[in-house]
Amino acid sequence: MTGAERRAALEDIAAEVRACTRCRLHETRTRAVPGEGDHDTEVLFVGEGPGMNEDREGRPFVGRAGGLLERLLASIGWQRDDVFITNVVKCRPPGNRDPEPDEIAACAPYLQRQTAALDPSVVVTLGRFSMATFMPGVRITQAHGTTRPADPETGALDATVFAMYHPAYALRNPTVERESFEDVASVPEVLLASRERRRVARHARRPTPTGKTDDDHPTSTTHPAAPTSDADQLSLF
Ligand code: URA
Ligand code: SF4
């Protein structure tokens with residue numbers, strides 16, 4: 001997908017979300033919250049669902065949890081505009097209750113399509129519900145700060161998933177908040193590793209005139225190109 005096609009796909013999804021009536025959450029929402037960010041980013045952050053402030057503004061993570069998410073990003077030198085931020089359900093569950101399984105299932109195709117359009121190198125899950133989508137069958141107390149390959153059924157073409165606690169939970173628990181700063185510190189190196197893994201995989205798939213693939217050249221896997229500078233390594237672009 002070209003950048004323009006990606007932008008158009010994400011804008012189409014957002015328009016559908018704003019008009020969506022696929023589950024009961026549409027009845028109580030003020031505004032649906034499709035998600036926002038850099039359409040060309042390599043990193044997708046996925047939260048649980050909009051809260052009161054998000055429901056009012058139609059934008060993700062604009063309340064207190066969003067403030068912590070921005071501080072977590074700032075601690076690694078990133079800003080919210082550098083990444084794409086969305087949620088498992090796009091409309092606020094009344095009273096901030098947990099989303100129900102049928103609501104998550106109804107909304108899943110939007111997240112799947114966003115993930116497929118962005119084709120991120122890294123998906124960072126925020127909280128249990130997002131983690132359960134991309135990294136099923138694990139407990140967050142064990143899985144936070146760790147990676148798994150994303151299941152292609154989530155729409156991820158070739159992504160590494162990195163689990164974090166939900167920022168709203170971290171706000172209520174100083175130990176979890178401290179662990180969240182420790183966890184997010186790994187995200188740049190997770191990005192580097194995933195970017196390199198994808199580069200090698202793409203290289204290996206490229207056909208050659210002899211009918212062999214570049215896989216047959218061991219240099220493509222054993223001697224990855226050295227990054228040119230630390231700044232290049234950690235930059236999103
Ligand atoms: N919590 C979430 O999970 N998502 C938001 O967008 C805001 C708070
Ligand atoms: Fe549609 Fe998702 Fe909102 Fe339900 S939560 S109405 S499926 S956009």
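This tour moves through a predicted model, from the chain as a whole to one strand, two ligand sites and a single arginine.

**The whole chain**

Begin with the full chain in cartoon view. Its secondary structure comes to twelve helices and six strands. Of the 237 residues in the chain, buried residues make up 38%. Among contacts between residues at least 6 apart in sequence, 70% join residues at least 24 apart.

**Strand β2 and its partners**

Next, select residues 43-47, which form strand β2. Five of the five residues of this strand are buried, so β2 is largely enclosed by the rest of the structure. Display the side-chain directions: V43, F45 and G47 point one way, while L44 and V46 point the other way. In a regular strand the side chains alternate between the two faces of the sheet.

Add residues 122-126, strand β4, which pairs with β2 in the parallel sense over four bridges. Within this pairing, V122 of β4 is the bridge partner of V43. Then add residues 84-87, strand β3, which also pairs with β2 in the parallel sense, over four bridges. Here I85 of β3 stands opposite F45.

**The surroundings of ligand 1**

Select ligand 1 and the residues around it: G47, E48, G49, P50, G51, E54, P60, F61, A65, G66, N87 and A168. G47 has already appeared on the tour, as one of the residues of β2 that are buried. By character, the shell around ligand 1 divides into five nonpolar, five polar and two charged residues.

**The surroundings of ligand 2**

Move to ligand 2, which has 14 residues around it; C20, C23, H26, C91 and C107 come nearest. The elements that give two or more residues to this shell are α2 and α5 (101-118). Of these, α5 gives the most, with three residues. The shell around ligand 2 divides into nine nonpolar, two polar and three charged residues.

**R29**

Keep C91 displayed and select R29, which is found in the loop between α2 (25-28) and β1 (36-37). Is R29 buried or exposed? R29 counts as buried because 20 other C-beta atoms lie within 10 Å, and the cut-off for a buried residue is 20 or more.

Finally, show D55, C91 and R92, which R29 touches when residues up to four places away in sequence are not counted. A C-alpha to C-alpha distance drawn from R29 to C91 gives 5.9 Å, although the two are 62 residues apart in sequence. C91 is also among the residues that come nearest to ligand 2.

Definitions and conventions
Residues are numbered from 1 along each chain as its sequence is written. Chains are lettered from A and ligands numbered from 1 in the order in which they are written. This is a predicted model: local features need pLDDT of at least 70, side-chain atom pairs count only at pLDDT 80 or more; totals for chains, interfaces and linings use all residues. A residue is buried if 20 or more other C-beta atoms lie within 10 Å of its own, exposed if 12 or fewer, and partly exposed in between; C-beta atoms are placed from the backbone. Two residues are in contact if their C-beta atoms, placed from the backbone, lie within 7 Å. A residue is near a molecule or strand if its C-beta atom, placed from the backbone, lies within 6 Å of it. Ala, Val, Leu, Ile, Met, Phe, Trp, Tyr, Cys and Pro count as nonpolar, Asp, Glu, Lys and Arg as charged, and the others, Gly among them, as polar. Two strands pair if DSSP finds at least two bridges between them.
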